[in-house]
Amino acid sequence: MSFRKEKKFRLSKFEFDLLKNELLQKDMQPLYSKRNINSLYYDSQSYEMFNDSEEGLFPRKKVRIRWYDDITKASYEVKISSTEGRFKVTSSTTDISSVSSLPQSLYEPNYGMIKPSLFVSYSREYFSFKSMRVTFDSFISYINYRKSRSIEYKDSECVMEVKVNADVSDDYIESILPIPTARFSKYSRGMLISNYEI
(Lines give C-alpha, C1' and ligand atoms only; values in the text may rest on other atoms or scores of the structure.)
Protein backbone atom coordinates (compact mmCIF):
# COMPACT_ATOMS: atom_id res chain seq x y z
CA MET A 1 0.00 0.00 0.00
CA SER A 2 1.49 3.32 -1.08
CA PHE A 3 0.14 6.48 0.50
CA ARG A 4 0.25 9.77 -1.37
CA LYS A 5 -0.35 13.39 -0.65
CA GLU A 6 -2.68 15.45 -2.82
CA LYS A 7 -2.84 19.24 -3.01
CA LYS A 8 -5.60 20.92 -5.00
CA PHE A 9 -5.73 24.44 -6.40
CA ARG A 10 -9.18 25.76 -7.29
CA LEU A 11 -8.99 28.11 -10.27
CA SER A 12 -11.11 30.22 -12.59
CA LYS A 13 -10.63 29.49 -16.30
CA PHE A 14 -8.47 32.62 -16.59
CA GLU A 15 -6.29 31.61 -13.60
CA PHE A 16 -6.13 28.05 -14.93
CA ASP A 17 -4.70 29.13 -18.31
CA LEU A 18 -2.39 31.68 -16.73
CA LEU A 19 -0.90 29.24 -14.21
CA LYS A 20 -0.46 26.45 -16.74
CA ASN A 21 1.38 28.76 -19.14
CA GLU A 22 3.56 30.11 -16.32
CA LEU A 23 4.60 26.61 -15.24
CA LEU A 24 5.27 25.55 -18.84
CA GLN A 25 7.65 28.51 -19.11
CA LYS A 26 9.39 27.17 -15.99
CA ASP A 27 10.00 23.83 -17.70
CA MET A 28 6.93 21.85 -16.66
CA GLN A 29 6.93 18.80 -18.98
CA PRO A 30 3.99 16.85 -20.47
CA LEU A 31 3.68 13.28 -19.20
CA TYR A 32 0.81 11.89 -21.30
CA SER A 33 -1.60 13.03 -23.95
CA LYS A 34 -4.66 15.01 -22.91
CA ARG A 35 -7.74 12.82 -22.48
CA ASN A 36 -11.33 12.85 -21.31
CA ILE A 37 -12.19 11.05 -18.08
CA ASN A 38 -15.61 9.64 -17.19
CA SER A 39 -16.55 8.43 -13.72
CA LEU A 40 -19.76 7.01 -12.32
CA TYR A 41 -19.81 7.40 -8.53
CA TYR A 42 -21.74 5.10 -6.21
CA ASP A 43 -23.12 5.84 -2.76
CA SER A 44 -25.53 4.46 -0.19
CA GLN A 45 -29.21 5.37 -0.27
CA SER A 46 -28.60 8.09 2.34
CA TYR A 47 -25.37 9.37 0.73
CA GLU A 48 -23.07 8.28 3.56
CA MET A 49 -19.90 8.67 1.46
CA PHE A 50 -20.88 12.18 0.43
CA ASN A 51 -21.69 13.12 4.02
CA ASP A 52 -18.41 11.62 5.31
CA SER A 53 -16.55 13.71 2.74
CA GLU A 54 -18.40 16.90 3.62
CA GLU A 55 -17.71 16.36 7.32
CA GLY A 56 -14.05 15.49 6.76
CA LEU A 57 -14.31 12.15 8.58
CA PHE A 58 -11.46 9.58 8.58
CA PRO A 59 -11.30 7.00 7.26
CA ARG A 60 -13.68 7.54 4.36
CA LYS A 61 -14.18 6.15 0.86
CA LYS A 62 -15.30 7.12 -2.59
CA VAL A 63 -16.34 4.37 -4.99
CA ARG A 64 -16.51 4.82 -8.73
CA ILE A 65 -16.25 3.10 -12.09
CA ARG A 66 -13.94 5.06 -14.37
CA TRP A 67 -13.18 4.92 -18.08
CA TYR A 68 -11.57 6.98 -20.81
CA ASP A 69 -12.58 6.66 -24.46
CA ASP A 70 -13.35 2.93 -24.33
CA ILE A 71 -15.91 1.94 -21.71
CA THR A 72 -15.04 -1.75 -22.17
CA LYS A 73 -11.74 -0.93 -20.43
CA ALA A 74 -13.43 0.61 -17.40
CA SER A 75 -11.95 0.05 -13.95
CA TYR A 76 -13.48 -0.21 -10.49
CA GLU A 77 -11.80 2.22 -8.07
CA VAL A 78 -12.03 2.75 -4.33
CA LYS A 79 -10.35 5.92 -3.06
CA ILE A 80 -9.56 5.79 0.63
CA SER A 81 -8.68 8.82 2.74
CA SER A 82 -7.13 8.21 6.14
CA THR A 83 -5.05 10.10 8.69
CA GLU A 84 -1.90 8.57 7.10
CA GLY A 85 -2.74 9.88 3.63
CA ARG A 86 -4.67 8.76 0.58
CA PHE A 87 -4.47 5.67 -1.58
CA LYS A 88 -6.49 4.08 -4.36
CA VAL A 89 -7.38 0.45 -4.99
CA THR A 90 -8.11 -0.32 -8.65
CA SER A 91 -9.41 -3.49 -10.25
CA SER A 92 -10.48 -4.25 -13.80
CA THR A 93 -14.07 -4.87 -14.87
CA THR A 94 -15.00 -7.63 -17.29
CA ASP A 95 -18.69 -7.31 -18.16
CA ILE A 96 -19.18 -3.65 -19.09
CA SER A 97 -19.84 -3.05 -22.78
CA SER A 98 -21.88 0.17 -22.67
CA VAL A 99 -23.22 2.79 -20.26
CA SER A 100 -26.44 0.78 -19.94
CA SER A 101 -24.47 -2.25 -18.70
CA LEU A 102 -22.89 -0.39 -15.76
CA PRO A 103 -23.84 -2.08 -12.45
CA GLN A 104 -27.00 -0.76 -10.81
CA SER A 105 -25.81 -1.81 -7.36
CA LEU A 106 -22.58 -2.86 -5.64
CA TYR A 107 -21.67 -4.01 -2.16
CA GLU A 108 -19.07 -2.02 -0.24
CA PRO A 109 -17.98 -2.96 3.33
CA ASN A 110 -19.05 -0.41 5.98
CA TYR A 111 -21.59 1.10 3.59
CA GLY A 112 -23.60 -1.93 2.46
CA MET A 113 -25.40 -1.79 -0.89
CA ILE A 114 -24.51 1.24 -2.96
CA LYS A 115 -25.97 2.45 -6.23
CA PRO A 116 -25.13 5.05 -8.92
CA SER A 117 -25.34 8.62 -7.66
CA LEU A 118 -23.36 10.96 -9.92
CA PHE A 119 -21.74 10.90 -13.36
CA VAL A 120 -18.68 13.16 -13.75
CA SER A 121 -16.86 14.00 -16.98
CA TYR A 122 -13.86 16.26 -17.59
CA SER A 123 -10.73 16.88 -19.62
CA ARG A 124 -7.34 16.16 -18.00
CA GLU A 125 -3.79 17.16 -18.91
CA TYR A 126 -0.78 15.47 -17.27
CA PHE A 127 2.57 17.03 -16.44
CA SER A 128 5.74 16.56 -14.41
CA PHE A 129 7.21 19.53 -12.53
CA LYS A 130 10.04 19.53 -9.97
CA SER A 131 9.55 15.81 -9.22
CA MET A 132 5.80 16.35 -8.73
CA ARG A 133 2.96 14.97 -10.84
CA VAL A 134 0.68 17.83 -11.85
CA THR A 135 -2.73 17.50 -13.52
CA PHE A 136 -5.02 20.17 -14.94
CA ASP A 137 -8.75 19.38 -15.09
CA SER A 138 -11.20 21.53 -17.06
CA PHE A 139 -14.61 21.34 -18.73
CA ILE A 140 -15.99 19.52 -15.69
CA SER A 141 -19.64 18.44 -15.89
CA TYR A 142 -22.03 16.48 -13.70
CA ILE A 143 -25.23 14.46 -14.11
CA ASN A 144 -27.18 13.40 -11.03
CA TYR A 145 -28.17 9.76 -11.58
CA ARG A 146 -30.92 9.80 -8.98
CA LYS A 147 -33.01 12.53 -10.56
CA SER A 148 -35.82 11.71 -12.92
CA ARG A 149 -34.36 13.99 -15.62
CA SER A 150 -30.77 13.75 -16.90
CA ILE A 151 -29.61 17.35 -16.68
CA GLU A 152 -25.95 18.19 -17.31
CA TYR A 153 -24.50 20.73 -14.88
CA LYS A 154 -21.30 22.48 -15.93
CA ASP A 155 -18.75 23.57 -13.34
CA SER A 156 -17.61 27.18 -13.76
CA GLU A 157 -14.23 26.40 -12.18
CA CYS A 158 -11.20 24.25 -12.94
CA VAL A 159 -8.66 22.51 -10.73
CA MET A 160 -4.93 21.87 -10.70
CA GLU A 161 -3.84 18.94 -8.58
CA VAL A 162 -0.38 18.00 -7.32
CA LYS A 163 0.37 14.42 -6.28
CA VAL A 164 3.51 13.49 -4.35
CA ASN A 165 4.65 10.73 -2.01
CA ALA A 166 3.29 11.12 1.53
CA ASP A 167 6.79 11.88 2.89
CA VAL A 168 7.18 15.04 0.77
CA SER A 169 6.79 18.08 3.03
CA ASP A 170 4.13 20.74 2.55
CA ASP A 171 6.92 23.33 2.81
CA TYR A 172 8.58 21.88 -0.30
CA ILE A 173 5.35 22.06 -2.30
CA GLU A 174 4.63 25.60 -1.10
CA SER A 175 8.16 26.75 -1.99
CA ILE A 176 7.48 25.75 -5.60
CA LEU A 177 3.79 26.68 -5.77
CA PRO A 178 3.26 29.63 -3.39
CA ILE A 179 -0.47 29.84 -4.03
CA PRO A 180 -3.34 28.86 -1.71
CA THR A 181 -4.71 25.34 -1.84
CA ALA A 182 -8.43 24.62 -1.65
CA ARG A 183 -10.77 21.70 -1.26
CA PHE A 184 -12.05 20.51 -4.64
CA SER A 185 -13.93 17.23 -4.54
CA LYS A 186 -15.65 16.67 -7.88
CA TYR A 187 -18.06 14.25 -6.24
CA SER A 188 -19.07 16.71 -3.52
CA ARG A 189 -19.23 19.66 -5.92
CA GLY A 190 -21.36 17.69 -8.37
CA MET A 191 -23.78 16.61 -5.66
CA LEU A 192 -24.18 20.17 -4.40
CA ILE A 193 -24.39 21.78 -7.86
CA SER A 194 -27.03 19.26 -8.97
CA ASN A 195 -29.08 19.79 -5.80
CA TYR A 196 -29.01 16.19 -4.66
CA GLU A 197 -32.10 14.74 -3.03
CA ILE A 198 -32.42 11.85 -0.60
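In this predicted model, strand β3 makes the biggest contribution to the lining of the largest pocket, handing over five residues. The pocket itself has a volume of about 610 Å³, and its lining runs to 34 residues. Besides β3 (60-67), the elements that give two or more residues to that lining are β1 (4-11), β2 (29-43), β4 (75-82), β5 (85-92), β7 (112-129), β10 (158-165) and α4 (186-193). Charge dominates the count by class: 20 of the lining residues are charged, against nine nonpolar and five polar ones. Nearest the centre of the pocket sit E6, K8, K79, R86 and E161.

One of the contributors to this lining, helix α4, is mostly covered, with six of its eight residues buried. Those six are K186, Y187, S188, R189, G190 and M191. After α4 comes N195, which has a positive phi, near 55°.

Stepping back to the whole chain, the protein has four helices and 10 strands. Read from the N terminus, the order is β-α-β-α-β-β-β-β-β-β-β-β-α-α. The C-alpha atoms fit a box of roughly 45 × 35 × 30 Å along the principal axes. The radius of gyration is 17 Å, which agrees with the value near 16 Å that a compact globule of 198 residues would have. Of those 198 residues, 49% count as buried. Contacts lean toward the long-range end: among those between residues at least 6 apart in sequence, 69% join residues at least 24 apart.

On to the interior. Nonpolar side chains tend to be buried together in soluble globular proteins. Here, the largest nonpolar core has 19 residues, and Y42, V63, I65, W67, L102 and I114 are the ones that touch the most other members. Strands β2, β3, β4 and β7 each put at least two residues into this core. V63 gives a good view of the surroundings: leaving out residues up to four places away in sequence, V63 touches L40, Y41, Y42, M49, Y76, E77, V78, E108 and I114. A second core, separate from the one around V63, has 18 residues, L11, F127, F136 and I176 among them.

Two of those second-core residues, F127 and F136, turn up again as contacts of K20, together with M28 and E125, once residues up to four places away in sequence are set aside. K20 belongs to helix α1 (residues 13-25). Despite being a lysine, K20 counts as buried because its relative accessibility is 13%, which falls under the 20% cut-off. K20 also pairs up in space with a remote stretch of chain: T135 is 115 residues away in sequence, yet the two C-alpha atoms are separated by 9.8 Å.

Y68 offers another long-range link, this time from the loop between β3 and β4. Its C-alpha atom is 6.0 Å from that of N38, with the two positions 30 residues apart in sequence. N38 is also among the contacts of Y68, alongside R35, N36, I37 and Y126, neighbours within four places in sequence being left aside. Y68 counts as partly exposed, since its relative accessibility of 30% lies between the 20% and 50% limits.

Finally, the backbone has a few spots worth a look. Most residues other than glycine have a negative phi, and most peptide bonds are trans. The bond joining F58 and P59, however, is cis, with omega about -10°. P59 is placed in the loop between α2 (48-55) and β3.

Positive phi values in residues other than glycine appear in two further loops, one on either side of β7. N110, in the loop between β6 (106-108) and β7, has phi near 80°. S131, in the loop between β7 and β8 (132-144), has phi of about 70°. As for solvent, N110 counts as exposed because its relative accessible area is 70%, and S131 is likewise exposed, at 66%; both values are over the 50% cut-off.

Note on methods
Residues numbered from 1 in each chain as written. Heavy atoms only, no water. 1 Å grid on protein atoms, 1.4 Å probe; cavity = no way out; pocket = protein on both sides within 12 Å on 5 of 7 lines; lining within 4 Å. Points joined across faces, edges and corners; volume = space filled by probe spheres on them. Nonpolar A, V, L, I, M, F, W, Y, C, P; charged D, E, K, R; others polar. Core = buried A, V, L, I, M, F, W, Y, C linked by side-chain atoms within 4.5 Å. Buried < 20%, exposed > 50% of the residue type's maximum accessible area, 1.4 Å probe, protein only. Contact = heavy atoms within 4.5 Å. Rg over C-alpha atoms; globule rule 2.2 N^0.38 Å.
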